[in-house]
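Colleague: I am new to this model and would like a close look at one part of it. Please pick a loop, describe what is there, and then go on to the rest.

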Amino acid sequence: MILLSLALAEEPEVGPGPPGVPPEAGIKAFEEQIWPVFVHPRCANCHPAGDVPLQGDEQRPHTMEVDRDSPAVGLPCSTCHRTEGLDLPDRPPANGHWSFPPANQVFEGRTAAELCNQLKDPETTGGRDLEALRHHVEHDTLVLYGWDPGPERTSPAVSHVDFVAAFQVWLDAGAPCPTDDAQGSM
Amino acid sequence: MKLTINGQVHETEAEPGTPLLWVLRDHLAMTGTKFGCGMAQCGACTVHLNGVAVRSCVTPVSEVGEAAITTIEGIGGEGLHPVQEAWIEHSVPQCGWCQSGQIMSACALLEARPDPSDEDIDAAMSANICRCGTYPRIRKAIKAAAKRREG
C-alpha cells in the first residue's frame, strides 16, 4: 500500500478516462492483473529478452538450438508446433498460429512501467493500437492458449476473464502507466 | 477424407485425430517416412505440407485439409532430388533410419537458403537427430546439393 501510495502521489500523466474510472484504478489493474500475465512464462517464454525462446515454467532455453533465425532457414515454429490436438505430455504445445514475435516485443523481465509504455507504442506491439490490443488479448487463440496450455504447464494466476476485464479498466482509465520506482521488477 | 500426396489424390478412412505419419505408413503403405519418437523430438517423420517441413507424428491428419503433402517418395518427382543424389554421392546413411527426415529437412533448408553456410545448416538441421552420427556427411552432402541445384 505504501508503494501504491507513492505511485499515486506522483500523479502520472494520463489522458482523461470515462467518468468514474480514475487513473489510480487503471494503474492498480495494470500492476495487479495485467503485468503479471504478460511476464508469466506462458506469455514471456515466446517474448524473451534474448533470441532464444524459452520452455517450461522454469524458462529454460528451447531445445534443438531453435532461435529467432530458425524460420529463415526452413525451420519455422509450425514444423513442430501444429494446430490442434495431440497436445499430450512431452509433445510440443499446439496452436493455430504458433510463432515467434519480433525482437522488440519483449515481455521477459519487463517492469510494469516498462511493459506499460511498451504496450502503448505501436512500434512495439506489431502496429496494434490499444483497442486492437484489447481485441488481441480477448480473442487471439494464442493468447487464450495461455489458459489452456495442456499438461505440465501452469497458467497465469489471473483468470482470462479477470485479465480482459482489467485490460478494459486500464483502457477506460486512459491507459495510465505506473512508475518504476513504485514497484519492483519480475 | 482425401489427401493429396506427391501430386496424387489418396482416399483414407483414418480417424481425424490419427497422426499423419500413421496414415502414410499404415493406411497408405508409404513407409519411407519413419517413426522415431512420436513427439517431434527427433525429426525422422518429417514431410512437407505446402513445402514447409513438418513433423508428421504430431500432425493430426484432420489439419492437413487440402495442403499438398510431399514425402520422401515424392520429393524428387520422377527421379531423385539433388539432395538425394548428394546423399548417395557422399554415402551419408549408416543405419538409414533418420535419413528420410534428414533429407526432407535439408530440402526445406535449400528452398529457404539455396547456398547455406555451416551456421545455416546447423540451425536448420539441429532438430533432426542421427544416432549414427552422420552429421559431418550430412553437412558435406547439403553443400554438394546446393552446388548441384545451382548447376
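Modeller: A:Q59 lies in the loop between β1 (54–55) and β2 of chain A; helices (H or I, at least four residues) and strands (E, at least two) are DSSP runs, numbered from the N terminus. This is a predicted model, in which local features need pLDDT of at least 70 and side-chain atom pairs count only at pLDDT 80 or more, while totals for chains, interfaces and linings use all residues. Residues are numbered from 1 along each chain as its sequence is written, and chains are lettered from A and ligands numbered from 1 in the order in which they are written.

A:Q59 is not a glycine, yet its phi is positive, at about 60°. Most residues other than glycine have a negative phi. A:Q59 has 13 other C-beta atoms within 10 Å and is therefore partly exposed. The scale calls a residue buried if 20 or more other C-beta atoms lie within 10 Å of its own, exposed if 12 or fewer, and partly exposed in between, with C-beta atoms placed from the backbone.

Past β2 (60–61) comes the loop that leads to α4 of chain A, and A:E84 is found there. A:M64 lies in that loop between β2 and α4 of chain A. A:M64 has a positive phi of about 70° and is not a glycine. With 19 other C-beta atoms within 10 Å, A:M64 counts as partly exposed. A:E84 is partly exposed as well, because it has 14 C-beta neighbours inside 10 Å. From A:E84 to A:N95 is eleven residues in sequence and 5.9 Å in space, C-alpha to C-alpha. Neighbours within four places in sequence aside, A:E84 is in contact with A:A94, B:P60 and B:E63; two residues are in contact if their C-beta atoms, placed from the backbone, lie within 7 Å.

The loop ends at helix α4 (residues 112–119) of chain A, where A:A112, A:A113, A:L115, A:C116 and A:L119 are buried. Those buried residues fall within an arc of 165° seen down the axis of α4(A), so they line one face of the helix; the arc is that of the directions from the helix axis to the C-beta atoms. An α-helix has 3.6 residues a turn, so residues three or four places apart point the same way. The buried residues of α4(A) pack against α2 (23–38) and α5 (130–139) of chain A. Over the whole of chain A there are seven helices and two strands, in the order α-α-α-β-β-α-α-α-α from the N terminus on. Of its 186 residues, 32% are buried.

A:E84 touches chain B, which leads to the partner chain. In total, 24 residues of chain B are in contact with 20 residues of chain A. On the chain B side, β4 (52–55), α3 (99–112) and α4 (118–125) each supply at least two residues. That side has 15 nonpolar, three polar and six charged residues. Here Ala, Val, Leu, Ile, Met, Phe, Trp, Tyr, Cys and Pro count as nonpolar, Asp, Glu, Lys and Arg as charged, and the others, Gly among them, as polar.

Chain B has five helices and five strands, in the pattern β-β-α-β-β-β-α-α-α-α. Its radius of gyration is 15 Å, close to the 15 Å that the globule rule gives for 151 residues, so chain B is as compact as a globular protein of that length. The radius is taken over C-alpha atoms, and the rule is 2.2 Å times the number of residues to the power 0.38. Buried residues make up 45% of chain B.

At the start of chain B, strands β1 (residues 2–5) and β2 (residues 8–11) run antiparallel and are joined by four bridges; two strands pair if DSSP finds at least two bridges between them. B:I5 stands opposite B:Q8 in β2(B). Two residues lie between the strands of this hairpin, and B:N6 takes a positive phi near 50° in it.

Chain B is assigned domain 1 (2–70) and domain 2 (82–150), with bounds from an automatic or database domain assignment. Their centres, taken over C-alpha atoms, are separated by 21 Å. The contact between them takes 14 residues from domain 1 and eleven residues from domain 2 of chain B. In domain 1, β3 (46–49) and β4 each supply at least two of the residues that touch domain 2.
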